[in-house]
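Good morning, colleagues. Please have the sequence and the structure open in front of you while I speak.

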Amino acid sequence: MSLRFAVNIADLRHEYMQSGLDEKNAAADPFKQFERWFDAATAARLHLPNAVILATADAQGAPSARAVLLKNYDPGGFVFYTNYASRKGRELAANPHACLLFSWVELERQVCIEGPVLKVSAAESDAYFASRPLGSRLGAWASPQSETVPDRAALEARFADARRRYGDAVPRPPHWGGFRVIPHAIEFWQGRENRLHDRLRYRRGDKSGWTIERLAP
Ligand SMILES: Cc1cc2nc3c(=O)[nH]c(=O)nc-3n(C[C@H](O)[C@H](O)[C@H](O)COP(=O)(O)O)c2cc1C
């Protein structure tokens with residue numbers, strides 16, 4: 001088969017030159033460091049800077065991954081919202097550990113957050129659900145996330161049912177809410193020249209402090 005018009009993937013190369021991250025200028029607190037990089041991603045007008053890959057694993061350790069949207073973070077952890085009965089929800093019920101991967105490739109950066117996962121409180125999920133646009137709230141009722149459906153018309157019929165049932169006053173479905181990833185490690189990766197990238201990993205210590213280690217790229 002001719003590859004004349006195709007891109008040769010092996011020839012796609014890039015020298016990472018934009019920035020650096022070292023022990024002297026990194027924040028002592030990883031949440032502060034995350035804030036700096038998240039603000040930079042927002043300031044750079046990246047499309048969906050809060051889109052993050054969520055990796056989970058089932059009870060046997062088989063992995064799965066998908067994008068979600070980060071909706072909040074603070075020293076308590078990183079919060080996203082989803083359907084608790086979805087594949088990810090079921091995997092987190094069986095194996096409450098996750099990894100979140102922000103891939104801000106335009107800035108030659110990635111951030112990897114690992115740790116145990118807890119559901120956020122019902123009150124927190126209620127407050128966030130109430131802030132969503134009407135269509136998103138109805139969609140949460142209409143979509144049996146991760147289940148097979150016969151066709152698109154079936155989904156649209158479920159949406160119309162939800163609209164008839166709830167009108168503008170849509171309660172949070174009991175199977176929908178937030179999860180919080182409570183990091184025990186956060187790694188910040190900055191691409192550098194000659195593949196000698198900067199990798200600083202923060203690990204939570206016994207007390208409240210964090211240890212910063214440099215990892216080989
Ligand atoms: C940019 C982007 C953002 C997404 N945000 C969410 C989200 O916040 N919550 C969610 O449940 N699914 C979100 N999705 C859809 C998920 O990637 C996924 O298809 C869905 O949650 C079902 O995943 P599961 O079957 O592995 O549970 C998003 C997808 C994309 C591409």
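Which residues are the closest to the ligand, among those that surround it? This is a predicted model, and in it R66, T82, S86, K88 and S146 are the closest of the 16 residues around the ligand. Three elements each give two or more residues to that shell: β2, spanning 63–74, β3, spanning 77–83, and α2, spanning 87–94. The element that gives the most is β2, with 5 residues. By chemical character, the shell divides into 7 nonpolar, 6 polar and 3 charged residues.

Let me now place the ligand shell in the overall fold. The protein has 5 helices and 9 strands. Along the sequence, these elements follow the pattern α-β-β-β-α-β-β-α-α-α-β-β-β-β. Taken along the principal axes, the C-alpha atoms fill a box of roughly 60 × 60 × 40 Å. Of the 217 residues in the protein, 24% are buried. If one considers contacts between residues at least 6 apart in sequence, 61% of them join residues at least 24 apart.

I turn next to the strands, beginning with the two that contribute to the ligand shell. β2 and β3 run antiparallel and are joined by 4 bridges. One pair to look at is L70, which stands opposite F80 in β3. The connection from β2 to β3 is a hairpin through 2 residues. β3 also runs antiparallel to β6, with 6 bridges joining the two strands. There, N83 has W176 in β6 as its bridge partner. Is β3 mostly covered or mostly open? β3 is mostly covered, with 5 of its 7 residues buried.

Another set of pairings involves β1, β4 and β5. Strand β1, residues 51–57, pairs with strand β4, residues 97–104, in the antiparallel sense over 3 bridges. β4 pairs in turn with β5, residues 109–119, again in the antiparallel sense and over 8 bridges. A convenient residue to follow here is C99: in β4, C99 is the bridge partner of A55, and C99 also stands opposite E114 in β5. β4 and β5 form a hairpin with 4 residues between them, and in its turn E108 has a positive phi of about 55°.

What lies in the interior? The largest nonpolar core has 25 residues, and the members that touch the most others are F78, A98, L100, V111, I113, F179 and V181. At least two residues of this core come from each of α1 (30–43), β1, β2, β3, β4, β5, β6 and β7 (185–190). A second, separate core holds 7 residues, including Y84, A142, V170 and W176. Two of these residues have appeared or will appear elsewhere in this talk: W176 is the bridge partner of N83, and A142 is one of the buried residues of α4.

F179 merits a closer look. Leaving aside residues up to four places away in sequence, F179 touches F80, T82, L92, V117, K119 and V120. Among these contacts, T82 is also one of the residues closest to the ligand, and F80 is the residue opposite L70 in the β2 and β3 pairing.

On the helical side, I would draw attention to α4, residues 134–142. Its buried residues are R137, L138, A140, W141 and A142. Which elements do the buried residues of α4 pack against? They pack against α3 (122–130), α5 (152–166) and β6 (176–181).

Finally, some remarks on backbone geometry. Most residues other than glycine have a negative phi. R45 has a positive phi, near 60°, and is not a glycine. R45 lies in the loop between α1 and β1. Is R45 buried or exposed? R45 is exposed, because 8 other C-beta atoms lie within 10 Å, and the cut-off for an exposed residue is 12 or fewer.

S146 likewise has a positive phi, of about 80°, although it is not a glycine. S146 sits in the loop between α4 and α5. With 14 C-beta neighbours inside 10 Å, S146 counts as partly exposed. S146 also returns us to the opening question, since it is among the residues closest to the ligand.

Notes:
Residues numbered from 1 in each chain as written. Predicted model: local features only at pLDDT ≥ 70, side-chain atom pairs only at ≥ 80, totals over all residues. Near = placed C-beta within 6 Å. Nonpolar A, V, L, I, M, F, W, Y, C, P; charged D, E, K, R; others polar. Buried ≥ 20, exposed ≤ 12 C-beta atoms within 10 Å, placed from the backbone. Contact = placed C-beta atoms within 7 Å. Pairing = 2+ DSSP bridges. Core = buried A, V, L, I, M, F, W, Y, C linked by C-beta atoms within 7 Å.
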